[in-house]
Amino acid sequence: MKARIKFRKYGVLKFLGHLDVMRFFQKAMRRAEIPIAFTSGYSPHMIMSFAQPLGLGITSEGEYLDVELTEAVSSKDALARLNQTMAEGIDVVSFRQIQEDKKSSGMTIVAAAEYLVLPKEAESSALREHNRTQPIFPAPWEAQISAFLAQPEIVVLKKTKRSEKEVDIRPMIYDFHMEPAGIRLMLAAGSEANLKPELVMNTFLSFMKEEDVKLHYHRRELYAKNPKEGGAGFVPLESLGWEM
């Protein structure tokens, strides 16, 4: 059977790279005695995959790791045992069973990511102020966001590992608006289309002719297309699993 682990990453561990996060969870699985399956062959390794690895310096409350199990384990027990092994900066939020077919893996189905953008200097305090009423960014930015999104195209030079090409990112921006806690971004993510929040905000700041604005990015959630609505709309990856 397969399970989906949701976890938070914050504090100094925001600088922990993806490979180190993977090694961290491999050790945590052993210490927590989670019955995880291994590949066969001369060099067996734990069967696990991350939905959308997080970039360095980005905090998150919505990261996902899928694992294959050799036997059932209750969600409550697995959650408690894993959190006993966690270091400060990573917390396990949920442990849920998911469908076993490959098409249901988080890596395959992720389609969107939600971010909160904050001023760099307000990172620590703003993430704790859930009931904030006054906008953290200048009020005139709201009109600028509307003008930015009203453009028929937002063409940028998008860099990949192998090349650079011009891309219209406007269809990949599903939501972009100000709220008291910061700026909410809902962007395309996954294998079909993937848009980084840094590229969106750098393009927006250039549009406003703003310079020297330091920002922090916090990922709130990862989403899949809603299977009950024929792919219209999004649902959190966590909602596609169930308690064991």
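## Terms and model

Ala, Val, Leu, Ile, Met, Phe, Trp, Tyr, Cys and Pro count here as nonpolar, Asp, Glu, Lys and Arg as charged, and the others, Gly among them, as polar. Keep in mind that this is a predicted model.

## The largest pocket

Let's begin with the open space. The largest pocket has a volume of about 750 Å³. Its lining is made up of 23 residues, and those nearest the pocket centre are Q52, K158, N194, L195 and K196. Split by class, the lining comes out as 11 nonpolar, six polar and six charged residues.

Which elements supply this lining? β5 (110-119), β6 (155-159) and α6 (197-208) each put in at least two residues. Helix α6 gives the most, with three residues.

## The enclosed space

Now for the space that is closed off. There is one cavity of 30 Å³ or more in the structure, and the volume of the largest cavity is about 90 Å³. Strand β1 (2-9), helix α1 (18-31) and strand β3 (59-68) are the elements that each give two or more residues to its lining.

Residue by residue, the walls of the largest cavity consist of F7, K9, H18, V21, F50, A51, Q52, P53, L54, E63 and Y64. Seven of these lining residues are nonpolar, two are polar and two are charged. Q52 deserves a second look: it lines the largest cavity, and it is also among the residues nearest the centre of the largest pocket.

## Salt bridges from strand β1

Side chains of opposite charge can pair when their charged atoms come close. In this model the count comes to 12 salt bridges. One of them joins D66 to R4, with 2.8 Å between the closest N and O atoms. D66 sits in strand β3 and R4 in strand β1, so this pair ties together parts that are 62 residues apart in sequence. Buried or exposed? D66 is buried, at a relative accessible area of 7%, and R4 is buried too, at 3%.

Strand β1 also carries R8, whose side chain meets that of D91 in a salt bridge with an N to O distance of 2.6 Å. D91 belongs to strand β4 (residues 90-98), and the pair links distant parts of the chain, 83 residues apart. Both partners fall in the middle class: D91 is partly exposed at 22% relative accessibility, and R8 is partly exposed at 31%.

## A longer reach, and a network

Strand β4 comes up again with R96, which forms a salt bridge with E243 at 3.4 Å, N to O. Here the two residues are 147 apart along the chain, with R96 in β4 and E243 in the segment after β11 (234-236). The partners sit in unlike surroundings: R96 is buried, with a relative accessible area of 19%, whereas E243 is exposed at 51%. R96 counts as buried because its 19% falls under the 20% cut-off, and E243 counts as exposed because its 51% is over the 50% limit.

Which residues are linked in a network of salt bridges? That would be E114, D175, E179, R184 and R220.

Key: Residues numbered from 1 in each chain as written. Predicted model: local features only at pLDDT ≥ 70, side-chain atom pairs only at ≥ 80, totals over all residues. Heavy atoms only, no water. 1 Å grid on protein atoms, 1.4 Å probe; cavity = no way out; pocket = protein on both sides within 12 Å on 5 of 7 lines; lining within 4 Å. Points joined across faces, edges and corners; volume = space filled by probe spheres on them. Helix = DSSP H or I, 4+ residues; strand = E, 2+ residues; numbered from the N terminus. Salt bridge = Lys/Arg side-chain N within 4 Å of Asp/Glu carboxyl O. Buried < 20%, exposed > 50% of the residue type's maximum accessible area, 1.4 Å probe, protein only.
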